[in-house]
Amino acid sequence: MNQVLQIVQDATLTYHQKVLALARLAEANDHESLPVNDAYVKAKEMGIICDLNEGNTPYRPRYIIPDYRILMQKGCAMLELEAPKDLWEATAALLMMYHHVPSITSFPVFLGNFDELLEPFVLKVSKEEAKKCLRLFLAHIDKTLTDSFVHADLGPKASVTGELILELTEEMNLAMPNLSLKYDPEITPDDFAEKAVSCMLKTSKPSFANHQMFVKEWGEDYAIASCYNGLKIAGGGFTLHRLRLATMAKQAESVEDFFARVLPNYTDLLLNGMEDRIRFIVEQSKWFETDFLAREGFVKMENFTGMFGLVGLAEAVNTLLKIEDPAKGFGYNSEADQLGVRIMEALNDQVNGFKSKYCACTEHHYGLHAQVGIDSDGMDNSPGARIPIGYEPALHQQLNHSTLYHKYFVTGCGDVFKFDQTWFNSTQALLDIIRGAMAKGYRYFSGYNADADVVRVTGYLVKRSEIEKLDANQTSLNNATVFGKGARDGGHALDRRIHDQSSR
Amino acid sequence: MLWTVASMTKAPVNRLIPFSNVDGPGNRFALFLQGCPFSCLFCHNPETIHLCVHCGACVKTCPVGALSRVDEKVIWNREKCVNCDTCIKVCPHLSSPKIRMMSPQEVLSEFEPVASYVRGISVSGGECMLYPQFLSELFALIKAKGKTCLIDSNGFTAFENYPELMSLADGVMLDVKAVDDDFHKKICGVENKTVLHNFSWLLKNQKLEEVRTILYPNYEEENLRTVDFISKRVKNVRYKLLRYRPFGVRSQGIELLGNQTYSLEDAQKLVDLAKSNGASQVVCI
C-alpha cells in the first residue's frame, strides 16, 4: 500500500496526527535542500548515528523556548494582544501563543515557568477563582497540546500558583503537560517540595531539576523543556542528534581502537552533520527572519545551541570489555564504570573542541545530552548513561553510579525510579534522597508510584490506559502514547525495578 | 541467657538496610542487631530473637550450599546466599545463621556511601539495647558525620543507666506493647515494669522520639487501656498505633491472635480516643 494511503487509513491516528504524519512524509521526499555526505548516510544506515527523524528540510529549530515574560509585560503584536491585566487574560494569552510555538513535534516543548508568569495575577483573585481558571488552563493544554513533550516549569520558590498547580495536577491526573520543579534546598521550602514529591508519586510529575547545577551552567534564565532538556530561555535547541554508542562499539577491534579511531570518527561526523543542519536552519530556512517569535524578540538566535546526544553508554562499555552479563558490567564493576567515565571525558573534549558558527550562548559549543532513547532502540542501546532496565541495583548504588556521569550533560540527563505505596507515607524520606542525590551532583530526578496510570516512560509521560487504547486499535489524543507503547514492548520501559519501603 | 554474651564492641548484625522509610523520620540507614529478651507471640521477625546455637539443622536444607559446618560452627557464605530464607524457616531456635559480627567501624564504612541520602541511623533488632557499649561507639562515629542516631527498643533495659549513650542518642522509638503487666507477660513473655519506667524517663528527659503500640484482635480492653494510658501522657511525641498483621507470625501467635489484620474501623476508634486525650501526632498503620 502506498504510504500516503496507509497514513490516511490508520485507525490509531487522530486527524491531527495524520496531518503531521503526512507532513513528515512530504519532507522525507526532499533530498536536495540539505545535502549530506556519504559517510554520514552510511553511519546512519548502520544505526551508529541518528538524527532522530528531524527531517530532510528543517523549517524550524527543534526546541523553541520563548520568553513568555515578554508576553506578560508587553503583549504580542502578531497576535494583537496587549499585556494581560488579570488571570483570565494571562492564561488566555498564553494559550493563544502556545498554538503558534513550533518544535520538532509541532507542539510547544516549553510553556514557561507557570508560577513566575502567573503569580502576580493569581494573587489578585480569590483562591477559588484562581483554581477554576487554572483548571481550565490545564484542561485546555491537555486537550489541545496533545503531545507529552509539552513541558512547563515550577519553582524554585514556593508560590500560591505552584501549590494550586500541584493540587490540580493530582486531581486531574493528566499526561500533559510534563512538569519540572526547579529544586534548590536553600530556596524551596520543605513543605512545598514534599507536596511535589507526593504529586510526583501519584501522577509521575513534577520531576526534580537540580537548580543549583543548572544555574551554575546556564544562569538563572534556563528552562527544562521536552523530556528534561536544559536550554536557555529566549532561545532553544537547534537540533539534537545522537551517537548510538553500543552499536558503534561493535566496530572497534579493541578498547584502544575505540578511542583512537571509532569514537573520534563518528563524533566528528555527527558534529559536522549537526553544523550543516544548524546552518541550514539559520541561513536558509528563513525561520529566524520570518517567525514572529524571533521578530518580536520572544527568542533570539544567539540563545540557541546544538544538542549532542548519546545513548547506549552501558552497552558500549560492556561490549568493549566483552562483558556478557549486564549484572557484572556497567553499574556493578568499577573497571566498567571507569571506562564509561573515560568515554565521557573523550566525548566531552571532542565536542567542546568543535567550534560552531552559531550557538553563541554556549560559547559556540554544543551541549552534551543523555538522550532518553526512542521506541526503535529496543534493548540494544539504553537511554543516555543509564543502567539497563532489569539490572537496576539498589537505589543508593544506582544514584551514586549516576553521579559519575550527570555533570557532563549540560543539556539534560536523568533517570526514572519506580516506588511502592509506602513512599506516600514518607515523602520526607524521598525528599531526603532527592536532596542527597543533588548534593552529589545528580541532575534530574523522576519517580512514580508503581500503580500510577500516568507513567514516565523514559523521559516523557503517557497514560497506561491510553496505551491500552492503541493496543485495542483505537486512537489516543497524546502523540507520545505510541512511543510509550513501543518503549513498553521493545524496551521494557514500564518494567523498572520497584523500590520498596526498605530499599535494598 | 544467650544475649548476655555480647558485651564486646562487636555486635551480631542480622541485617543492614541502606535506605529505610519506616524506621524513624525521613530516610534512614537501619541496622538490625540479633537477639531479644522478649519473645513476643506476634513478632514478625522471630528469627532475630536468639543467637545461633550452631545446631546445624539448617545446613543441609540450603539449596545453594551457602551453609557449612566447620569446627562445630555453622558458617554462612554471603556470596553464595540467595536469601531464600529456608534456613530461617527450618531453624528450631528462632534464630538465623546469617549473622555477621561487626565492629562500629565496619558499620560506619557501610554507612558512609549513603550518608548524604539519609538523616541518620536507626538501630533496631532484635533488641539493640543488648549492646549498649557497641551503640555508644557507633553513635560517636555517626554523630561525628553530622547525622542523627535513633534507638528502636522494646524498653527492657533502663536507659538511665547509660548516660553516655543517652547523651549521644537523639532519641528512642519505644515499644509499649501493653500497660497491663499480666497481659504483657502473656504476649511478650516478660514483665513491663522497666518499659513503663523508660517511657516516663525518656519523656521527662526529652529523648522520646516515638511510642509504638500494637493493636491486638480480640483484646479490646487491653488495647483501650494501653492507648488511653500512653495518649494521656505523650503530648507532641509521635504515637504510632500498629495494627496486628498475621504475616510472619509463628503458630503460637496465630493461635492467640488469629489470622486476620486488626480492622481499620476499630483502629480509628482508638485513634480518636488518643487524639481526644491530647496526643497531637497519632499515626495508624
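**Entry 1: helix α6 of chain A**

I began by looking up what covers the buried residues of α6(A), and in this predicted model the cover includes α4 (68-74), α5 (87-98), α7 (127-144), β3 (151-154) and α8 (160-172) of chain A. I then went through the helix itself, which runs over residues 114-122, and noted that 7 of its 9 residues are buried, so α6(A) is largely enclosed by the rest of the structure. The buried residues that I wrote down are Phe114(A), Asp115(A), Leu117(A), Leu118(A), Glu119(A), Phe121(A) and Val122(A), a list in which Asp115(A) and Glu119(A) stand beside Phe114(A) and Phe121(A). I met Phe114(A) again when I turned to the aromatic residues, where Phe114(A) forms one cluster together with Tyr68(A), Tyr98(A), Phe110(A) and Phe137(A).

**Entry 2: the loops on either side of β3 in chain A**

I followed chain A into the loop between α7 and β3, where Thr146(A) is found. Is Thr146(A) buried or exposed? I find that Thr146(A) counts as buried, because its relative accessibility is 6% and the cut-off for buried is under 20%. Setting aside the neighbours within four places in sequence, I listed Phe107(A), Met176(A), Leu477(A), Asn478(A) and Asn479(A) as the residues in contact with Thr146(A).

In the loop between β3 and α8 of chain A I came to Pro156(A), and the peptide bond that leads into it from Gly155(A) is cis, with omega near 5°. I noted another cis peptide bond from Lys205(A) to Pro206(A), with omega near 0°, and I placed Pro206(A) in the loop between α9 (190-203) and β5 of chain A.

**Entry 3: aromatic pairs and charges over rings**

How many aromatic pairs does the structure hold over all chains? I have 30 aromatic pairs in my notes, and I examined the one made by Tyr183(A) and Phe208(A), whose ring centres lie 5.6 Å apart and whose planes stand at 75°, so the pair is edge-to-face. Tyr183(A) belongs to strand β4 (residues 178-183) of chain A and Phe208(A) to strand β5 (residues 207-210) of chain A, so this pair ties together parts that are 25 residues apart in sequence. I also checked accessibility for the two partners and found that both Tyr183(A) and Phe208(A) are buried.

Turning to charged side chains, I noted that Lys182(A) lies over the face of Tyr222(A), at 4.0 Å from the ring centre. I recorded a further case in Arg342(A), whose charged end sits over the ring of Phe259(A), 3.8 Å from the centre of that ring.

**Entry 4: positive phi between α16 and β10 of chain A**

I looked up Glu363(A) in the loop between α16 (334-353) and β10 (367-370) of chain A, and its phi is positive, at about 55°, although Glu363(A) is not a glycine. His364(A) also lies in the loop between α16 and β10 of chain A, and here too I found a positive phi in a residue other than glycine, this time near 65°. On accessibility, I noted that Glu363(A) is exposed, with a relative accessible area of 60%, whereas His364(A) counts as partly exposed at 25%.

**Entry 5: helix α5 of chain B**

In chain B I took helix α5, residues 181-188, in which Phe183(B), His184(B), Ile187(B) and Cys188(B) are buried. Why do I put these residues on the same side of α5(B)? They cover an arc of only 105° around the axis, which places them on the same side of the helix. When I asked what covers the buried residues of α5(B), the elements I found include α6 (193-204), α7 (220-231) and α8 (251-257) of chain B.

I then looked at the ends of the helix. Asp180(B) caps the N-terminal end of α5(B), with a side-chain oxygen 3.1 Å from the backbone nitrogen of Asp182(B), and just after α5(B) I noted that Gly189(B) takes a positive phi of about 85°.

**Entry 6: domains of both chains**

I closed with the domain assignments, which for chain A give domain 1 (1-30), domain 2 (37-60 + 240-410) and domain 3 (65-225), with the C-alpha centres of domain 1 and domain 2 of chain A lying 29 Å apart. For chain B I have domain 1 (2-48 + 99-284) and domain 2 (59-90), and the C-alpha centres of these two domains of chain B lie 29 Å apart.

Technical notes: Residues numbered from 1 in each chain as written. Chains lettered and ligands numbered in written order. Predicted model: local features only at pLDDT ≥ 70, side-chain atom pairs only at ≥ 80, totals over all residues. Heavy atoms only, no water. Domains from an automatic or database assignment. Buried < 20%, exposed > 50% of the residue type's maximum accessible area, 1.4 Å probe, protein only. Helix = DSSP H or I, 4+ residues; strand = E, 2+ residues; numbered from the N terminus. Arc of directions from axis to C-beta. Contact = heavy atoms within 4.5 Å. Polar contact = N/O pair within 3.5 Å; in protein donor to acceptor, adjacent residues only side chain to side chain. Phe/Tyr/Trp six-rings, centres within 6.5 Å; stacked < 30°, edge-to-face > 60°. Lys NZ or Arg CZ within 6 Å of the ring centre and 35° of its normal.
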